[in-house]
Amino acid sequence: MDVEWMDGLKCMKNVLIMVSDSKLQIWVNYCAKCWDMFRDTSPKVRFDLRAIRKFLRFQSRRGKLNTILLSSPSRPKKEKAKLFFFFAQSLELAALLRLKFRVAGRDFSMGEAPAFLVDDLHDGHVNGFDLKNETSKTVTIVGDKKYVIGGADDETASIEVQIFDHNLGEWVKPTVLGTKPLSCNCHSSVLLNNDRILIIKKGSKPDDHVWFLEVDTPYVRQQKKALGTEVVAWSKGVIGNAEKPIVISGPSGVGKGTLISMLMKEFPYMFGFSVSHTTRAPRGMEKDGVHYHFTEKSVMEKDIRDGKFLEFASVHGNLYGTSVEAVEQVADAGKRCILDIDVQGARSVKASSLEAIFIFICPPSMEELEKRLRDRGTETEEQILKRLRNAKAEIEQGKSSGIFDFILYNDNLEECYQSLKKLLGLNGHVIVPTKSARELNIPMDHSVSKVDDKIIINNISPGPEKESKNLIMLDVSDLKGGAPGRTRGLNFHAIHSFSDCLNGMDQLS
Ligand SMILES: Nc1ncnc2c1ncn2[C@@H]1O[C@H](COP(=O)(O)OP(=O)(O)OP(=O)(O)O)[C@@H](O)[C@H]1O
Ligand SMILES: Nc1nc2c(ncn2[C@@H]2O[C@H](COP(=O)(O)O)[C@@H](O)[C@H]2O)c(=O)[nH]1
């Protein structure tokens with residue numbers, strides 16, 4: 001193996017760096033003397049980061065660098081981890097150079113700290129997730145792209161996203177879908193499954209800590225195809241396992257609205273209505289923002305072009321649509337979302353990445369449907385005839401398209417309502433939500449590490465209550481939903497040490 005001594009690193013005294021040309025690897029080693037110095041003080045003080053950066057840049061320009069291997073078989077894992085953390089502080093550079101780290105035989109991409117190796121890392125070392133620079137940006141590499149997240153000075157602005165495409169060798173401005181998180185002083189970024197970046201905001205409100213920037217999920221891929229641009233999508237993380245949204249379809253006048261109102265009245269804390277946009281005029285009792293967002297056609301068409309809608313359709317001569325925000329608002333309130341949309345809309349939702357339960361409501365007969373529409377007295381004769389004509393095709397599609405998981409006949413209203421409750425599992429005991437991890441505070445000053453599907457949030461400056469737990473584990477193994485809409489299934493646990501995250505722990509939610 002070729003061994004080169006790098007000039008730039010001579011000032012590092014006790015750290016040896018060897019370059020293996022054949023393997024394109026750097027081996028980082030350290031001796032006992034170095035460790036003794038290293039143990040008691042911040043690595044930042046002991047090591048000359050600038051020299052390391054210079055060295056790494058130099059190597060990367062020569063195309064020699066793809067892996068840093070921390071190797072010292074005689075050293076305990078914990079010590080290796082400390083050294084790893086020290087290198088992880090060079091995240092910005094590592095991300096630019098697209099480095100890989102290997103510690104104790106395991107590969108970690110830059111920014112992933114092997115938390116299980118560092119039980120007692122309480123002395124304020126950052127773990128590489130934050131760039132810790134003035135503009136609070138983080139850099140995450142996914143495939144051939146570099147995602148630079150953050151950087152807005154103004155806290156009323158949203159977190160910015162910029163992408164550098166290594167294939168094109170240029171910066172690309174992405175179309176950013178979904179409600180964007182407000183800017184914050186500092187955040188951590190962790191790549192999950194190579195398709196989304198977990199963002200943990202520091203010093204934000206409890207319901208605003210966790211966000212996901214989707215970069216290559218099925219929804220994002222679909223939108224890239226549809227919009228023909230680079231696309232990323234924000235999705236806010238919600239704690240707990242709020243259940244799948246419910247899509248209710250059926251011909252006009254069948255009683256969808258009536259059934260939904262009954263459900264929301266009986267279970268107000270459980271369900272929330274997705275308020276659609278429409279270009280039709282309001283009926284007498286209808287309120288803007290409650291029954292619909294009544295909108296100008298040109299405005300709605302522009303919002304559709306801008307990707308703000310989960311689905312939209314022309315129904316009985318007017319434009320109707322469900323905005324991503326409408327679904328997100330319900331999830332934010334911790335409720336299960338109900339969508340009252342036509343069959344075309346249900347088809348679009350089915351094809352989207354929003355996992356939902358699809359229910360079709362059928363009338364007992366066309367005569368009864370006509371009677372209900374006429375008795376409701378909200379449409380003109382012409383509109384009634386149009387709705388009845390459309391009803392025939394809708395019922396056919398509802399029964400045969402394979403979109404719907406359940407078909408209910410709304411003959412006797414009370415019986416139909418009971419059937420609806422039964423299929424939603426509401427006919428037995430209903431659990432009323434209690435105090436939950438929604439109130440959990442993620443400490444302002446924290447570091448973040450990742451072990452498999454577990455994110456460890458370590459309170460760097462614990463408060464006066466000595467007994468309070470300083471470690472929080474965020475379990476992301478069971479994520480559901482995602483953009484468009486919220487990402488459900490986040491679970492927080494209090495843990496006493498890093499090793500707890502591999503064993504049992506106290507769940508907070
Ligand atoms: N099972 C039922 N028996 C008799 N009348 C009913 C029944 N269900 C609903 N209705 C009545 O039928 C009318 C239409 O119901 P509703 O407005 O809920 O229909 P819808 O499916 O929401 O219609 P649209 O799609 O046009 O909004 C209302 O006047 C309602 O009170
Ligand atoms: N595809 C969508 N269809 C929707 C939406 N909101 C309502 N609707 C459907 O439109 C008809 C007519 O409603 P009305 O209030 O004018 O009587 C009805 O079938 C609704 O289900 C939507 O956002 N998208």
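Both Phe267 and Phe271 are buried in this predicted model. Their rings also make a pair: the centres are 6.1 Å apart and the planes stand at 75 degrees, which is past the 60-degree mark, so this one goes down as edge-to-face.

The count of aromatic pairs comes to 6. Another of them joins two tryptophans, Trp211 and Trp234, whose ring centres are 6.2 Å apart; with the planes at 90 degrees, the pair is again edge-to-face. Trp211 belongs to strand S13 (residues 210-214) and Trp234 to strand S14 (residues 231-239), so the contact ties together parts of the chain that are 23 residues apart in sequence. Neither ring has much to do with the outside. Trp211 has a relative accessible area of 3%, so it counts as buried, and Trp234, at 0%, is buried as well. Elsewhere, Tyr292, Phe294 and Tyr320 are linked by ring pairs into a cluster.

One aromatic ring has a charge for company instead. The charged end of Lys146 sits over the ring of Phe164, at 5.2 Å from the ring centre.

Helix H6 (residues 218-227) comes next. Its buried residues are Tyr219, Val220, Gln223 and Lys224. Looking down the axis of H6, these buried residues fall within an arc of 135 degrees, so they line one face of the helix. The spacing makes sense, because an α-helix has 3.6 residues a turn and residues three or four places apart point the same way. On the face of H6 turned away from that buried side are the exposed residues Pro218, Lys225 and Ala226. Lysines thus turn up in both lists: Lys224 is among the buried residues, while Lys225 is exposed on the face turned away from them.

That leaves the empty space inside. Rolling a probe the size of a water molecule over the atoms shows where such space is left. The structure holds 3 cavities of 30 Å³ or more, and the largest cavity has about 130 Å³ of space in it. Its lining is made up of 16 residues, and Pro245, Val327, Ala331, Leu354 and Arg488 are the closest to its centre. Helix H9 (324-332) and strand S21 (336-340) are the elements that give two or more residues to this lining. As for chemistry, the lining of the largest cavity is a mix, with 7 nonpolar, 3 polar and 6 charged residues. Arg488, one of the residues closest to the centre, belongs to the charged group.

How values were computed:
Residues numbered from 1 in each chain as written. Chains lettered and ligands numbered in written order. Predicted model: local features only at pLDDT ≥ 70, side-chain atom pairs only at ≥ 80, totals over all residues. Heavy atoms only, no water. Phe/Tyr/Trp six-rings, centres within 6.5 Å; stacked < 30°, edge-to-face > 60°. Helix = DSSP H or I, 4+ residues; strand = E, 2+ residues; numbered from the N terminus. Buried < 20%, exposed > 50% of the residue type's maximum accessible area, 1.4 Å probe, protein only. Lys NZ or Arg CZ within 6 Å of the ring centre and 35° of its normal. 1 Å grid on protein atoms, 1.4 Å probe; cavity = no way out; pocket = protein on both sides within 12 Å on 5 of 7 lines; lining within 4 Å. Points joined across faces, edges and corners; volume = space filled by probe spheres on them. Arc of directions from axis to C-beta.
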